[in-house]
Amino acid sequence: MLKLLVRVAAVFLFGTSTVFADIVLADLFQELAVLQRGMKVPIWGRADPGEAVTVSFEGQSVSTKADKDGRWRVELGPFDAMAARPLTVTGKNTIRLERVFVGEVWVCSGQSNMAWPLQRTDGAKQELAELANPRLFFYSVKHRVSGDPVSDAGGKWVRASAETATNFSAVAYYFGKELRATLAARGSIARAESKTAT
C-alpha cells in the first residue's frame, strides 16, 4: 500500500485566465505521484480554450475540452492499489508519466509541529539508518501566502529513503509508517504489491 504525506496551507484551484500553447498538468501530477485508491480521482490542468484533452491510465481513457479560461478536469477510477503504471495526457501535445501509483493518500496539515523535520527528532539517526519504506512517498507544499486560490502547489514527489527523508515532516512520516504497518498486518499491502513491483 502506498502513502502520500503532505503539508497543506491552501486549497489549489485555478486563478485567472491564461492561454497555453501546450497541455499542462497541475504540478501535483508528476513522476511518483500517488492517486487515492477505491474512489474517483480528479486529474486536471490547463490547455488552450476549447482544446480536446484525453487522459489515459490503467485501461481507462476519459476525454474533455478545456473551458474558455483554459481549464480542464476529468475523473478516473476507482482503482485498486497498485504499483507504478504510466499515465498519458493527449491533446496538441502528449505528456506521459511513467511511474504513477495508486494507494492511500493522506493530507497532513498543521503549523510548527507539522513542519518539524524527521532529522531533528529523538532517535532520528537510527530511524533513518533503518528506513525501509520505499513505497512511502512525500509531497510537501511550498510555503506561500496568497489572498486568492492558486493553480499549483509548487511541490515535488519524493520517495522515502535514508537520504531523502531527513526533511520529511516527522509527524507525517511516523503516521505513514504506522499506517503502512497496520495495512501490512491486514495483508492489504501484499495483495497490492503482488500486482507489479517497481
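**Aromatic rings in close-up**

**View 1. The ring of F79 and its partner F57.** In this predicted model, F79 is a buried residue, with a relative accessible area of 6%. Its partner F57 also counts as buried, at 1% relative accessibility. Both values fall in the buried class because that class takes residues under 20% relative accessible area. Seven aromatic pairs are present in the structure. In one of them, F57 and F79 meet edge-to-face, with 5.1 Å from centre to centre and 85° between the planes. This pair links distant parts of the chain, 22 residues apart. F57 belongs to strand 5 (residues 52-57), while F79 sits in the loop between strand 7 (71-76) and strand 8 (82-90).

**View 2. The stacked rings of F138 and F168.** F138 and F168 form an aromatic pair with 4.5 Å between the centres and 15° between the planes. The pair is classed as stacked because the cut-off for that class is an angle under 30 degrees. F138 is part of strand 10 (residues 136-139), and F168 is in the loop between strand 11 (157-159) and helix 3 (170-186), so the two rings tie together parts that are 30 residues apart in sequence. F138 is buried, at 4% relative accessibility. F168 is buried too, with a relative accessible area of 3%.

**View 3. The arginine R120 and the ring of W116.** This view shows a charge and a ring. R120 lies over the face of W116. The distance from R120 to the ring centre is 4.3 Å.

Technical notes:
Residues numbered from 1 in each chain as written. Predicted model: local features only at pLDDT ≥ 70, side-chain atom pairs only at ≥ 80, totals over all residues. Heavy atoms only, no water. Phe/Tyr/Trp six-rings, centres within 6.5 Å; stacked < 30°, edge-to-face > 60°. Helix = DSSP H or I, 4+ residues; strand = E, 2+ residues; numbered from the N terminus. Buried < 20%, exposed > 50% of the residue type's maximum accessible area, 1.4 Å probe, protein only. Lys NZ or Arg CZ within 6 Å of the ring centre and 35° of its normal.
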